[in-house]
Every structure is written in structure tokens, then in C-alpha cells.
Amino acid sequence: MTQTVAVLGTGKIGEALLSGMIRGGRPAAKLLVTARRPERAAELHTRYGVEAVSNAEAAKRADTLILTVKPQDMGKLLEELAPHVPADRLVISGAAGIPTAFFEERLAPGTPVVRVMTNTPALVDEAMSVISAGSHATAEHLAHTEEIFGGVGKTLRVPESQQDAATALSGSGPAYFYFLVEAMTDAGILLGLPRAQAHDLIVQAAIGAAVMLRDSGEHPVKLREAVTSPAGTTINAIVELEKHGVRAALIAALEAARDRSRELASGNS
């Protein structure tokens, strides 16, 4: 906790990390933030008691830099940071699709870089953050990254070659569930339920199913079979899902998300 950590480009995810570190016991005096808009910087200072500084000042003063800007803005940020980042700084990137080599080529030789793909449930401390080491990152750097992101959910280490797949599955994953809830809510309305009731029924079903998946240790097929009685309502619904190719559509959707992550890595905006 003696190290100073700076969050650069502190949007919603950056703020979630910031609040998670404070809840985890890191003093505000050991945290720095940067923001594009002065009013946003003032808001973060008022809310958390942290010091808002320029990107260059953060690079000079912090031991760890967490870069949370959008992928298309990362190149410009690195141009600004490069003259001020010594090789002993840990740089953590939260940008989708950008490999650690992109940072290593633009920063001082030997700079340790860790790539992280988290997701929006960080806002409620239920994130899944997937962590990969760059060429110069050590086990200590990975542990430090896990400490930071562990404050807002779970972490998982993977080889960087798996990051695009993790982005498709987990980074974008919450959106797929929201899409499904939206569609099921519309179905509930079609079946005669008020929107609010349909929403509550589906959300609680989703929470219960997620907890059972997490805590039971059972394969999802077994859990589904436990709900699917012979000639019952559930099997009729499952048959329709299979008829309409929902499983194949999900697989294709995740492949498309993975491919887009690869495109971002190659510089295609």
C-alpha cells in the first residue's frame, strides 16, 4: 500500500477501480487521477479526496499507471507519457484489443506492462478481470495487478494469446445478458405481463441461476436438465431455441467479437 497508483482517463471503470482501491485500504494520498475535463477531475477530488493531476505529472510521480482511456486514444496518450515514464514503472492497460507489445515499443526499454480486460460489473464489485503479462512483467507485477482489480471482483491470469477470446466472452459478456433480458422482457409483455413484473421475474431468475452456476459446482447441462421435465413447458421452449439456431448465433456472435478485438490490435478503428 506504500506505492502510489495513478488512474489515467478516469471514466466509469477507472472510477470503479479507484473506489475499490480506497475500500481495500489504500489511502487517498497514495492515489492520483487524470481526466480530460477539469470538471470531472474536480468531481473525483471532491468525491474521493484524491489529487487530480496532468498525465505527465502522474507518470512522474506514480509507481503504477493504470491506463483506462479508449483504445483509439491510447496511441496519443502514450506519446504524451513516453518522455516521463521511467522503465521501473508498472503500466497496466485496460484497453480492449491492444497488445502489450504496443506499449513496450513506445515506452522505455524494459518497462513492465500488464494487460487487463475487465467488464462493467466492476461498478458493483462483480467484475471478471482477465490479466496477462507483457515481456518484462514479473510475478510481483501480476500480483500487484490482481490486488488492484481484486477489489472490484474476480481475477484470472491467462496467456496474452487468449485475451481476444476473453474480451469476446467476458469483457463484452454483460451486454449479451442484457440483450437476452431485454428480449425476455418483451416476451413477458407479449404473454400478458406488465413490463415491471416481467423485468423482476427475469432478473431474479438470472440472479438465482448465476448463483447456482457459481456455487453448485454442477455442469450447466445438469442444471438445465433439472428444470426440463418430460413433455413440460421448458423442453418446448428449448426446442424452439434450437430450431431458431440460438446456440449457433451465440457462437457466431462471440467469434465476431473476438475478430473485432484482433482488428483493434492491428490498428483498424
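Here is a short walk through one helix, one pocket and one buried alanine in this predicted model.

Let's start with α2, which spans residues 38-48. Which of its residues are buried? Arg 40, Ala 41 and Leu 44 are. These three span an arc of only 100° around the axis, so they sit on the same side of α2. That fits the usual geometry: an α-helix has 3.6 residues a turn, so residues three or four places apart point the same way. Flip to the face turned away from the buried side and you'll find Pro 38 and Thr 46, both exposed. The cover over the buried residues includes α1, β2 (31-34) and β3 (51-52). Just after the helix, Gly 49 takes a positive phi of about 75°.

Helix α2 also brings us to the second largest pocket, since α1, α2, α4, β6, α7 and α12 each supply at least two residues of its lining. This pocket has a volume of about 1100 Å³, and 43 residues line it. Look for Gly 9, Thr 68, Val 69, Lys 70 and Asp 73 if you want the ones that lie nearest its centre. The largest share of the lining, 5 residues, comes from α4. As for chemistry, the lining has 18 nonpolar, 16 polar and 9 charged residues.

Now hop over to α7 (residues 163-171), where you'll find Ala 166. Is Ala 166 buried or exposed? With a relative accessible area of 13%, under the 20% cut-off, it counts as buried. Leaving out residues up to four places away in sequence, Ala 166 touches Val 130 and Gly 171. Val 130 is 36 residues away from Ala 166 in sequence, yet their C-alpha atoms are 7.0 Å apart in space.

How values were computed:
Residues are numbered from 1 along each chain as its sequence is written. This is a predicted model: local features need pLDDT of at least 70, side-chain atom pairs count only at pLDDT 80 or more; totals for chains, interfaces and linings use all residues. Side-chain values use heavy atoms; hydrogens and water are left out. Helices (H or I, at least four residues) and strands (E, at least two) are DSSP runs, numbered from the N terminus. Buried means under 20% relative accessible area, exposed over 50%, partly exposed in between (1.4 Å probe, protein chains only). Contact means heavy atoms within 4.5 Å. On a 1 Å grid over the protein atoms alone, a cavity is a set of points where a 1.4 Å probe fits but cannot get out, and a pocket is an open set with protein on both sides within 12 Å along at least five of seven lines; lining residues have an atom within 4 Å of a point. Grid points are joined across faces, edges and corners, and a volume is the space filled by probe spheres set on the points. Ala, Val, Leu, Ile, Met, Phe, Trp, Tyr, Cys and Pro count as nonpolar, Asp, Glu, Lys and Arg as charged, and the others, Gly among them, as polar. The arc is that of the directions from the helix axis to the C-beta atoms.
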